[in-house]
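Reader: I'd like a close look at a single part of this model, not a tour of everything. Could you pick apart the aromatic side chains for me, and then the charged ones beside them in your account?

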Amino acid sequence: GEAMSYGLPVVTTSFGAEGFGLQPDEDLLIGNDAETFAAQVIALLDDTELHDRVARRGYDFIKQHYSVPAVEQLLDSAMQGLLHVPPRKIPLHRKLKLGIKGWYMRNIAWRFTQA
């Protein structure tokens with residue numbers, strides 16, 4: 001994603017592209033073994049049209065889905081959805097217990113993990 005955000009064409013494995021929603025051979029090139037990976041890199045170096053198309057489509061995809069304005073919009077939608085969730089009340093005895101545990105972890109327990 002970072003390389004695409006700089007307008008660079010990307011060659012990766014199927015595992016590396018997983019979860020993005022990118023279209024292979026359009027937004028990026030896939031090479032799952034050394035020979036295919038190298039062939040994809042050489043194809044980008046030899047074919048300026050392919051290079052430019054993959055670079056442009058990858059950049060456009062990242063800009064559309066992962067740019068600051070796109071992420072701000074997603075976060076705003078998520079936060080708007082939380083406005084309708086009623087707050088949960090935590091009983092005082094649980095707050096005290098959590099506070100004491102946190103104090104213990106910060107001030108005492110860390111000494112026992114230094115081995």
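Which residues form one aromatic cluster?

Author: F20, F61 and Y66 do. Before we dig in: this is a predicted model, where local features need pLDDT of at least 70 and side-chain atom pairs count only at pLDDT 80 or more, while totals for chains, interfaces and linings use all residues. Residues are numbered from 1 along each chain as its sequence is written, and side-chain values use heavy atoms, with hydrogens and water left out.

Now the cluster, pair by pair. There are two aromatic pairs in the structure. Rings of Phe, Tyr and Trp (its six-membered ring) are called a pair if their centres lie within 6.5 Å; planes under 30 degrees apart are stacked, over 60 edge-to-face, and the rest tilted. F20 and Y66 pair up edge-to-face, with 5.7 Å centre to centre and 70° between the planes. That pair links distant parts of the chain: F20 is in the loop between α2 (14-17) and β2 (29-30), Y66 is in helix α4 (residues 48-66), and they are 46 residues apart. The element names come from DSSP runs, numbered from the N terminus (helices are H or I with at least four residues, strands are E with at least two).

How open are these two rings? The scale goes like this: buried is under 20% relative accessible area, exposed is over 50%, and partly exposed is in between (1.4 Å probe, protein chains only). F20 has a relative accessible area of 27%, so it is partly exposed. Y66 also lands in the partly exposed class, because its relative accessibility is 40%. The other pair joins F61 to Y66, and here the rings are tilted, 6.4 Å centre to centre with 50° between the planes. F61 has a relative accessible area of 12%, so this ring counts as buried.

On to the charges, where the same loop and helix turn up again. Side chains of opposite charge can pair when their charged atoms come close. The cut-off for a salt bridge is a side-chain nitrogen of Lys or Arg within 4 Å of a carboxyl oxygen of Asp or Glu, and a search of the whole structure turns up three. One of them is R53 with E26, whose closest N and O atoms are 3.4 Å apart. R53 is in helix α4 and E26 in the loop between α2 and β2, 27 residues apart, which makes this a link between distant parts of the chain. R53 is partly exposed because its relative accessible area is 26%, and E26 is partly exposed because its own is 31%.

E26 has a salt bridge with R57 too, the closest N and O atoms being 3.7 Å apart. It is again a link between distant parts of the chain, from the loop between α2 and β2 to helix α4, with E26 and R57 31 residues apart. R57 sits at 32% relative accessibility, so it counts as partly exposed.

Then there's D27, which bridges to R57 with the closest N and O atoms 3.1 Å apart. D27 in the loop between α2 and β2 and R57 in helix α4 are 30 residues apart, and this pair, too, links distant parts of the chain. D27 counts as buried because its relative accessible area is 4%. Put the bridges together and the shared partners join E26, D27, R53 and R57 into one network.

So what should you picture, since you asked for one part? Helix α4 brings Y66 to the aromatic pair with F20, and it also carries R53 and R57. The loop between α2 and β2 supplies F20 on the aromatic side, and E26 and D27 on the charged side. F20, F61 and Y66 make up the aromatic cluster, and E26, D27, R53 and R57 the salt-bridge network.
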